[in-house]
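Reader: I would like to know how the labels used for a structure follow from its values. Please take me through some of them.

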Amino acid sequence: MSEESDLEKTEPASTRRLEKAREEGQVVRSRELSTLIMLMSGVIGLSTLGGTLASKLDAVMHASLAFEPATAFDPARMMSRFAMAVWDSLLAFLPLLLFFGVAALAGPMLLGGFLFSAKSFSPDFSRLSPLKGLGRLFSAQSLVELVKAIAKALLVGSVAAWVLWRRLPEAVALMSAPVHEALLHMLELVMSCSAMVAASLVLVAALDVPWQYWTFYKKLRMTKEEVKKEHKESEGDPHVKGRIRQQQRAMARRRMMSEVPKADVVVTNPTHFAVALRYEEGRMSAPRVVAKGSEAIAARIREIAAEHGVPLLSAPPLARALHRHVDLGQEIPAGLYTAVAEVLAWVYQLKHWHHTNGPHPDAPSGLSVPDEFAVPESHA
């Protein structure tokens, strides 16, 4: 089966595909922007450190060019003096090199951010294929890069030649100027030329950055089939998802059943529904439903309540209303306060009876449920 052409890749890259590309070290990069930042850092570095650099280089030149007969006839001392001159020169340029190092790291991060990918270091033997190499050589991307390189060379070369031609007399005059003055003037000429070249590269970078963004996202575009396949993979196997949901429901049910022993009362239908209520004065503004269920789950709630001595009250209208209108873990609505208050009053009477052994309190009957909460038995 032949590879899909770019014409078939009409869909934008998904978030998952972009993340995968980033893991493989593929991010937006612009060499023109990096070059511009390097040149600008050079201009800033020379403008701030130029005086110090010129003074240190002046001292190195004076020390190196000073004639000493003992050194002239001693190769060992000559090499030692040469090594010292090289070392002093490196120390003189070190602040400027650090400036360039920071700029070299900051430039690429402006577009794609910081990225370190081990996959970028892994060998890619497909690049050794002559056919693929020829394909890249004569591709539209290579043609665009060639045009860009020629245009950039013409632009930068023209600007640099223009600046040097204008300041050629000053450059020639450096030969007759004192060393320190010549060094300062030379650094100023370099800074001026770099500033003009950097200014010309602003246009190049302004055109290259949008182009790099467009080509990067165009390269990662997807076909409709790839989008469907990725969506299916992200959704997962329906059977596996069904088992996960089943396990989640079972875990939720176990958590709910663990709350039944802590309930104050369980209101039943008496067989079809069961709703466990709990109220903590000072911590809850209203009684809360801690467990509820129908049929087999209702039967299990009643069993656990009986095992732990939680009172059971048969109140079909209230049980149906609580089961239908109150979610698990939620407080009861204000319309059911009166009916539930009667139930809790009976529960407190039961607790008192257990301690005093007085007359057994009668269970409340005929609990009124407002019409907006009433659930007919046929719709329960």
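Author: Begin with a tyrosine: Tyr213 has a relative accessible area of 30%. The model is a predicted one, in which local features need pLDDT of at least 70, side-chain atom pairs count only at pLDDT 80 or more, and totals for chains, interfaces and linings use all residues. Residues are numbered from 1 along each chain as its sequence is written, and side-chain values use heavy atoms, with hydrogens and water left out.

Reader: Why is Tyr213 called partly exposed?

Author: Buried means under 20% relative accessible area and exposed over 50%, with partly exposed in between (1.4 Å probe, protein chains only). Tyr213 has 30%, so the middle label applies. Tyr217, at 39%, is also partly exposed, and Leu90 in helix α4 (residues 75-112) counts as partly exposed at 48%.

Reader: What makes Tyr213 and Tyr217 a stacked pair?

Author: Rings of Phe, Tyr and Trp (its six-membered ring) pair if their centres lie within 6.5 Å; planes under 30 degrees apart count as stacked, over 60 as edge-to-face and the rest as tilted. By this rule there are 3 aromatic pairs. In Tyr213 and Tyr217 the ring centres are 6.4 Å apart and the planes are at 5°, so this pair is stacked. Tyr213, Phe216 and Tyr217 form one aromatic cluster.

Reader: Why are Tyr213 and Tyr217 separated by about one helical turn?

Author: Because they are 4 residues apart in helix α8 (residues 179-219). Helices (H or I, at least four residues) and strands (E, at least two) are DSSP runs, numbered from the N terminus.

Reader: How do you know that strand β3 is largely enclosed by the rest of the structure?

Author: Strand β3 (residues 288-294) has 7 residues and 5 of them are buried, so the description follows.

Reader: What makes β2 and β3 paired strands?

Author: Two strands pair if DSSP finds at least two bridges between them. Strand β2 (residues 273-278) is joined to β3 by 6 bridges, so the rule is met. The two run antiparallel, and Phe273 stands opposite Ser294 in β3.

Reader: How do you know that helix α2 is not straight?

Author: The expected span of a helix is 1.5 Å times one less than its number of residues. For the 35 residues of α2 (residues 31-65) a straight helix would span 51 Å, but the end C-alpha atoms of α2 span only 41 Å. There is a kink of about 65° in α2, centred on Leu49. The bend at a residue is the angle between axes fitted to the seven residues ending there and the seven starting there.
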